[in-house]
Amino acid sequence: MLCGVDEAGRGSVMGPLVVGAVWTSDPEVLAAIGVKDSKKLTPKTRDRMYDEILAKADHWEVVVAQAADIDERRKAMSLNDVELEMFAEAVSRHPSNEVYADCPDVNETKFSARLDSKVGGPTIIAKHKADDTYPVVSAASIVAKVTRDRMVEELHAELGDFGSGYPSDHYTMDFVAGWMRDNGCPPPHARRSWEPVRQMMSAKAVRRLDEW
């Protein structure tokens, strides 16, 4: 049994980090769907493939860390460590012989060894661009991405449209800045430990001192 694991939302300033894991005894079943790195697929194609993956995979799981949870963890560990823990939690939920992971660390060997120490049992293969190389990781990438996109849609319904949630998206950053201007604090579901938000909070604090 093979397991693939990947994330969506790692660099986002708004919304959750989602890790997806997919298990299969035959990766060709997933390859036949046409899976690839979720970032290279249109939303419509991802949604279609998501349904096919859930129907044809032997098992699948998602692990979610909300913004506040990420902020709390980041007080004690790096983002790579957060992702490592979430990968370990996901792949431990169902047995496998081999685990293929999209490696977030520059050192593939080190990350593989650290994941192995947390999971124990299956052979761990963590590679850069694994979501482009191994169909089971591509499938996990799609599960994570679609799950996160749907969660972000729910946040849009709650807060208003803030775009993709990534700091490279000016709609997102304009939304965060506008919320802070109107409310004096970051919006709900914003990652306060992220540098762009920290800078806005610092600037807000300085303005308050000037006003005082």
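Colleague: How many bridges join strand 1 to strand 2, and do the two run parallel or antiparallel?

Modeller: The general idea comes before the count: strands of a sheet pair through backbone hydrogen bonds, in either a parallel or an antiparallel sense. Keep in mind that we're looking at a predicted model. Here strand 1 and strand 2 (residues 17-24) run antiparallel, and seven bridges join them.

Colleague: And on the other side, in what sense do strand 1 and strand 4 pair?

Modeller: That pairing is parallel: strand 1 (residues 2-8) meets strand 4 (residues 98-102) over four bridges. You can follow it residue by residue. C3 has W23 as its bridge partner in strand 2, and V99 as its bridge partner in strand 4. G4 stands opposite Y100 in strand 4.

Colleague: What is the strand order of the whole sheet?

Modeller: It reads 3-2-1-4-5, an open sheet of five strands with mixed pairing. The edges are strand 3 (59-65) and strand 5 (123-127), each of which pairs on one side only. From one strand to the next, the twist averages 15°. Helix 5 (residues 108-119) packs on this sheet, where it touches strand 4 and strand 5, and its direction makes about 145° with that of strand 5.

Colleague: How does the sheet fit into the order of elements along the chain?

Modeller: Starting at the N terminus, you'd read β-β-α-α-β-α-α-β-α-β-α-α-α-α. That comes to nine helices and five strands.

Colleague: Back to strand 1. How many of its residues are buried?

Modeller: The cut-off to hold on to is that a residue is buried when its relative accessible area is under 20%. Seven of the seven residues of strand 1 pass, so the strand is largely enclosed by the rest of the structure. Now split it by face: L2, G4, D6 and A8 sit on one side, C3, V5 and E7 on the other, and all of them are buried. Both faces of strand 1 are covered, then.

Colleague: Which residues does S96 touch?

Modeller: Leaving aside residues up to four places away in sequence, S96 touches M1, C3, W23 and P122. S96 itself belongs to the loop between helix 4 (79-91) and strand 4. With 14% relative accessibility, S96 counts as buried, because the limit is 20%. Two of its contacts should ring a bell, as C3 and W23 are the bridge partners linking strand 1 and strand 2.

Colleague: Since we keep meeting C3, how many disulfides are there?

Modeller: The test is simple: two cysteine sulfur atoms have to lie within 2.5 Å. On that rule the count is zero disulfides. Take C103: the nearest cysteine sulfur is that of C3, and it's 15 Å away. C103 is buried, at 8% relative accessible area, whereas C185 is partly exposed, at 29%.

Colleague: What about backbone angles: which sign does phi have at K129?

Modeller: As background, most residues other than glycine have a negative phi. K129 has a positive phi of about 60°, although it isn't a glycine. Look for K129 in the loop between strand 5 and helix 6 (130-133). K129 is exposed, with a relative accessible area of 61%.

Colleague: And where is H189, and what is its phi?

Modeller: H189 sits in the loop between helix 8 (170-183) and helix 9 (195-211). Its phi is near 75°, again a positive value in a residue other than glycine. H189 is partly exposed, at 26% relative accessible area.

Colleague: Let's zoom out. What radius of gyration does the chain have, and what would a compact globule have?

Modeller: For 212 residues, a compact globule would have a radius of gyration near 17 Å; the chain has 18 Å, which agrees. The box that the C-alpha atoms fill, taken along the principal axes, is roughly 65 × 35 × 25 Å. As for burial, 48% of the 212 residues count as buried.

Colleague: Among contacts between residues at least 6 apart in sequence, what share joins residues at least 24 apart?

Modeller: That share is 69%.

Colleague: Last one: how much area does the chain expose, and what share do carbon and sulfur atoms supply?

Modeller: The chain exposes about 10300 Å², and carbon and sulfur atoms supply 50% of that area.

Technical notes:
Residues numbered from 1 in each chain as written. Predicted model: local features only at pLDDT ≥ 70, side-chain atom pairs only at ≥ 80, totals over all residues. Heavy atoms only, no water. Pairing = 2+ DSSP bridges. Axes fitted to C-alpha atoms, helices over the stretch in contact; angles between N-to-C directions. Contact = heavy atoms within 4.5 Å. Buried < 20%, exposed > 50% of the residue type's maximum accessible area, 1.4 Å probe, protein only. Rg over C-alpha atoms; globule rule 2.2 N^0.38 Å. Areas by Shrake-Rupley, 256 points an atom, 1.4 Å probe, with all protein chains shown as cover.
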